[in-house]
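Thank you all for coming; I would like to take a few minutes to walk through one structure, going from a single hairpin out to the chain as a whole and then back to individual residues. Please keep the picture in view while I talk.

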Amino acid sequence: MRAIVYIRVSTDEQAEHGYSLAGQESACRDRALALGADEVEVFSDPGFSGASLDRPGLTAARARLREGGVALFVCLDPDRLARNLAHQLLLTEEIEKAGARLEFVNFEWKNTAEGRLFYSLRGAIAEYEREKIKERTMRGRWQKALAGKVPSWCSIFGYRYDPETDSLEVEPAEADAVRNVFAWYVAEEVTLGEIARRLVALGVPAKRSGRVVWSPSHIRRILMQSAYAGVYYVRRYKGRGGHAGSLTRQRPREDWIPVPVPAILDAETWAAAQRRLDTARRRSGSHDYAAYLLSGVLRCGACGRTMSGTRVHVGRGSAKVNRYYRCGHSWRAAWNPAPCAHRRHVRVEALDDLVWRTVAGWIEAPEALETSLRDLLPPSEAERITREVEAIEARLAGLARGRAALMDLVRSGAIHPSEARHELAQTRADIDALRARRDELLTALSRATLADEDRRLLEDLRRDVGSALDALDPAAKSRIVRLLLRDVVLHPDGRVTIVTRLGRQPAEAGADAGALTLPVRV
């Protein structure tokens, strides 16, 4: 009899609870052998969190299960399998569907209505406790900030963090570089790229990497950092990874918690830098539609960054210019030591005309777009989606059975309603999430036709501007392009990919979902 042993540990858990991989493997092997296994395969995930299903060891174990011939799946306890209740139940059903029996060393698992209920309640309670710990930790950080302290370690160029006093102290050498950056930007009005070049020339190392590498984005973050004016804001950005300069991740201003820190600049200098940044930001949003139809829409097929328009004079001293699209990261600079390999310049007129004729054709004949959409979903993808829908349907049936069993226990008086309230709410949330995912997949299967709202949009455009498409001014053409397209990707070999906003697409698909590749070269 063949058995799979799955073991997992994160660094923190190993330190706190002694869940060593060797100890887990020994205990799980013993259990598998005691249950009659004569062949044991071990899959492990050292240092991986149980909050995600994307773990290499677990993925390999699931693939081995699907191959068949496995009778036992042994784990130390449910938390080693997954931290999330929905994930635990999903994996449990997958193991049973493969014909294997799930066994835990430190938990008695019974494949009965009562056993499933207890298993679910145990996972729900553990998940609830983890969320409460996370919430208490965050509230503790915010309370510390309200008391005027920096609540956790942070890396800000110009300061060093003192964990004993929970405060920021000025780092003299870095503070001098900060003053230079603001002086160059405000007084001399040099560009961000030039400031980066000057810092590299002076040999100033960056804060985190310690390397002498600077880019305009680094400089922008420094210029937007309010700590230099004496106030560091806690709870300013959403989620992890938010940083100064990430405007789209900012919380509402009333949610910010100000913490006083030593100022490196006077308030007037910092405010002047913000005014210049704001002016530059507004100017960058005013595109020259007459010159570049795809400004802000065209992306590089090599590095994924936005491509920009440029003018090149024809001959020395000539007033005639040719206009091209190019990748803005295709040349080497101090702030760009690894330039993009896409060095192709494409004439603006050729690419603009190609994309506009495609978009105009959709408006004049929506059936042409439908024909292209019909070819986007290959048979293998349709089969995969069908299998996932079947798995979701089975999972929904299992949740319905578990909910009915829980309600029976409540009605019989075995469980007080208050004790079942959280489990019922979690089950309802899981059912809603699975139904939403099923609807997305079913939509993906039916995306060979335009959605009703997409069809109405094209019909409205044809009614309003269909007879005058070629006579529209550049600004109107640009608005239509942005309405119907998400991206236009120019590949180094000349292929052009149009990523439309129309058509039904699966939610998990990437940026190029629904992409229509034009069979031409420019």
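**A hairpin, a sheet and a helix pair**

Let me begin with one residue pair, in which Asp162 has Ser167 in β6 as its bridge partner. I should say at once that this is a predicted model, and that everything I describe was computed from it. The pair belongs to strands β5, residues 159-162, and β6, residues 167-170, which run antiparallel and are joined by four bridges. Together β5 and β6 make a hairpin with four residues between the strands, and within that turn Asp166 has a positive phi of about 50°.

Staying with Ser167, which lies in strand β6, is this residue buried or exposed, or something in between? Its relative accessibility is 23%, and therefore Ser167 counts as partly exposed, since that category begins at 20%. If we set aside the neighbours within four places in sequence, Ser167 is in contact with Val150, Arg160, Tyr161 and Asp162, the last of these being the bridge partner I began with. There is also a relation across a longer stretch of sequence, in that the C-alpha atoms of Ser167 and Val261 are separated by 7.4 Å although the two residues are 94 apart along the chain.

Let me now step back to the whole chain. It has 522 residues, of which 41% count as buried, and it contains 16 helices and 15 strands. Among the contacts between residues at least 6 apart in sequence, 62% join residues that are at least 24 apart. The chain exposes about 27,300 Å², and carbon and sulfur atoms supply 51% of that area.

Next, the sheet towards the start of the numbering. Four strands form an open sheet with parallel pairing, and their order is β2-β1-β3-β4. The edges are taken by β2 (39-46) and β4 (101-104), each of which pairs on one side only, and the twist from one strand to the next averages 20°. Between them, β1, residues 2-9, and β3, residues 72-75, pair in the parallel sense over three bridges, with Ala3 standing opposite Leu72 in β3. Packed on this sheet is helix α2, residues 21-34, which touches β1, β2, β3 and β4, and whose direction makes about 155° with that of β1.

I would now like to turn to two helices that pack against each other. As a general matter, two packed helices are described by the angle between their axes and the distance between the axes. For α8, residues 192-202, and α9, residues 216-224, the axes come within 8 Å and cross at roughly 100°, and therefore α8 is roughly perpendicular to α9. On the α8 side the contact is made by Leu192, Gly193, Ile195, Ala196 and Leu199, and these meet Pro216, Ile219, Arg220 and Leu223 in α9. By class, the residues of this contact divide into seven nonpolar, one polar and one charged.

Finally, consider Lys477, which lies in helix α16, residues 474-484. Why does Lys477 count as buried? It does so because its relative accessibility is 18%, and the cut-off for buried is under 20%. Not counting residues up to four places away in sequence, Lys477 touches Leu293, Trp356, Leu469, Asp470 and Leu472.

Technical notes. Residues numbered from 1 in each chain as written. Predicted model: local features only at pLDDT ≥ 70, side-chain atom pairs only at ≥ 80, totals over all residues. Heavy atoms only, no water. Pairing = 2+ DSSP bridges. Helix = DSSP H or I, 4+ residues; strand = E, 2+ residues; numbered from the N terminus. Axes fitted to C-alpha atoms, helices over the stretch in contact; angles between N-to-C directions. Contact = heavy atoms within 4.5 Å. Buried < 20%, exposed > 50% of the residue type's maximum accessible area, 1.4 Å probe, protein only. Areas by Shrake-Rupley, 256 points an atom, 1.4 Å probe, with all protein chains shown as cover. Parallel < 35°, antiparallel > 145°, perpendicular 65-115°, else oblique. Nonpolar A, V, L, I, M, F, W, Y, C, P; charged D, E, K, R; others polar.
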